[in-house]
Amino acid sequence: MANYVCSVGMEVHAELATKSKMFCRCQVAFGGEPNTRTCPVCLGLPGALPVPNRAAIEMVLKTALALNCKIAMNSIFHRKNYFYPDLPKGYQVSQYGEENPLGYHGYLDIPTADGGTKRIGIRRVHLEEDTGKLMHLPTGGSGVDYNRAGTPLMEIVTDFPPDISNGDEAKEYMTQLRQILIYLGVCDGKMEEGSMRCEPNISIRAFGTDELGTKTELKNLNSFRSVQMGIAFEVRRQAAVLDAGEKVLQETRGWNEQRESSFAMRLKEAENDYRYFPCPDLVPMQFTEEYIESLRANLPELPLAKFRRYTDDYGLSEYDANLLISDVKWANWFEEAVNQGGDPKSICNWMSSDFAKMLNEEGKSAADSKITPKHLVELTKLIADGTISGKIAKKVFADAYQTGKMPGDLVKESGATQITDDSAIKPIIVEVLAANPEVVERYKSGQQSVKGFLVGQIMKQSQGRANPGIVNKLLDELLQEV
Ligand code: ZN
Ligand code: MN
């Protein structure tokens, strides 16, 4: 196989998490009885007039700002004309042009394997509306469901020529983008339900050449894994075609998840002519500097910035930081505990071990549980100041999880405080040594490993309350004397 370079352009559609549709008051929801959330506007009946959804416009502006875009202070909607049964009006309201989309000329930095970042240029972020859905009926015919028609849809397109050069980067781009959309609260990011969809276009060219090869577009990618595998497959397929001396066809291909291969859907010999023109039913959008700046000022901290802060300022491992930021509510819970004086590493350890395990077992989220950040702060402090041992802390945490009682109260109730007093620990050690003379003999004859057994016995005798450090120190001393 010759050496090839791959270029991947990404086109992502995200359904906006608004309550109502883009140009009417019909509810936005997933599934349901077909054609129950429709009205003359989203059915495209003659004479029905659209009214833009302010919340949707604001969501796109926020996304554009988060993706470092320029904002079109004057922006209009266009009609993209084509015929298809899932498009009742015969056109899709969208946004055309280089600097007319609400956001344009931005970028997204994605983390790279070597700990750095790679900048992926964003060409535009625009607002449009979703289509209905065609479905095959059990009776043999086809039906169309317009419940989804008119749902606010945001389209995010990467720069040309593309910066993404393989399936791994495409997957990372999607991961970062999805997290940003969820952090901004503008999309639920459910690829499996189609609320976030991506259609990469992929081309390869011989190493050392500049001209981009013929591209194919890939559809039906409904998970991060399928994005990564689909692109990798397409690169191998195109390379085999070129190696055989043939030409890559410009076509749309579908990804078959089960077979892990792509199949030809339709040829794309020329770009469709959509006859875009400004939509006469919709007035131009105009924004003031103040409005845009207030949106910018109120953007939440974004995932990658959070990740850097967790690793740099809190000293968390990349693995731990990723676990926390993957769910913004989980990250906020963590930060609340840290703000209340919790040690970041200890809080994170408890969250990703005992707490996560118990929540997973019950299928609960942190917000549904009786454990608050305050519980964990108190518990980790009791451990840090030596009041309780790590072993007892596990039991205290489990009790707090069940009852919601504060760790400090639970410790007082059970009297399970740690014993740090030499004079209280010494008698226990003496007792254990006296009960195990043959083990002591083996230790003295050089078999140091038996010490662990003795420590275990002492901890058991003290019901886990003896401070392990002091036990070790005193045991060493007493073993010298016997
Ligand atoms: Zn409607
Ligand atoms: Mn689109």
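Analyst: Buried means under 20% relative accessible area, exposed over 50%, and partly exposed in between, with a 1.4 Å probe and protein chains only. This is a predicted model: local features need pLDDT of at least 70, side-chain atom pairs need 80 or more, totals for chains, interfaces and linings use all residues, and side-chain values use heavy atoms without hydrogens or water. Residues are numbered from 1 along each chain, while chains are lettered from A and ligands numbered from 1 as written.

User: Why is E128 called buried?

Analyst: E128 has 2% relative accessibility. The limit is under 20%, so E128 counts as buried. H13, at 11%, is buried too.

User: What makes H13, E128 and E155 donors of the manganese ion (ligand 2)?

Analyst: A donor is an N, O or S atom within 2.8 Å of the metal (3.2 Å for Na, K and Ca); water is not among the atoms, so sites may look incomplete. H13 gives NE2, while E128 and E155 give OE, at 2.0 to 2.2 Å. Those distances fall within 2.8 Å, so these atoms qualify. The sequence spacing is H-x114-E-x26-E. H13 in strand 1 (residues 4-15) and E128 in strand 7 are 115 residues apart, linking distant parts of the chain.

User: How do you know that strand 6 pairs with strand 7?

Analyst: Strands are DSSP E runs of at least two residues, helices H or I runs of at least four, numbered from the N terminus. Pairing takes at least two bridges found by DSSP. Strand 6 (residues 103-111) has eight to strand 7 (residues 117-129), so the two pair, antiparallel. P111 is bridged to T117. Five residues separate the strands in this hairpin, and G115 in the turn has a positive phi of about 90°.

User: What makes strand 2 a partner of strand 6?

Analyst: Two bridges join strand 2 (residues 70-71) to strand 6, so the "at least two" rule is met. I71 has G103 as its bridge partner.

User: How do you know that the buried residues of helix 14 line one face?

Analyst: In helix 14 (residues 451-461), K451, L454, V455, I458 and M459 are buried. Seen down the axis, they fall within an arc of 135°, so they line one face. The arc is taken from the directions from the helix axis to the C-beta atoms.

User: What do they pack against?

Analyst: Their partners are helix 12 (422-435), helix 13 (437-444) and helix 15 (468-481), where contact means heavy atoms within 4.5 Å. After helix 14 comes Q463, with a positive phi near 55°.
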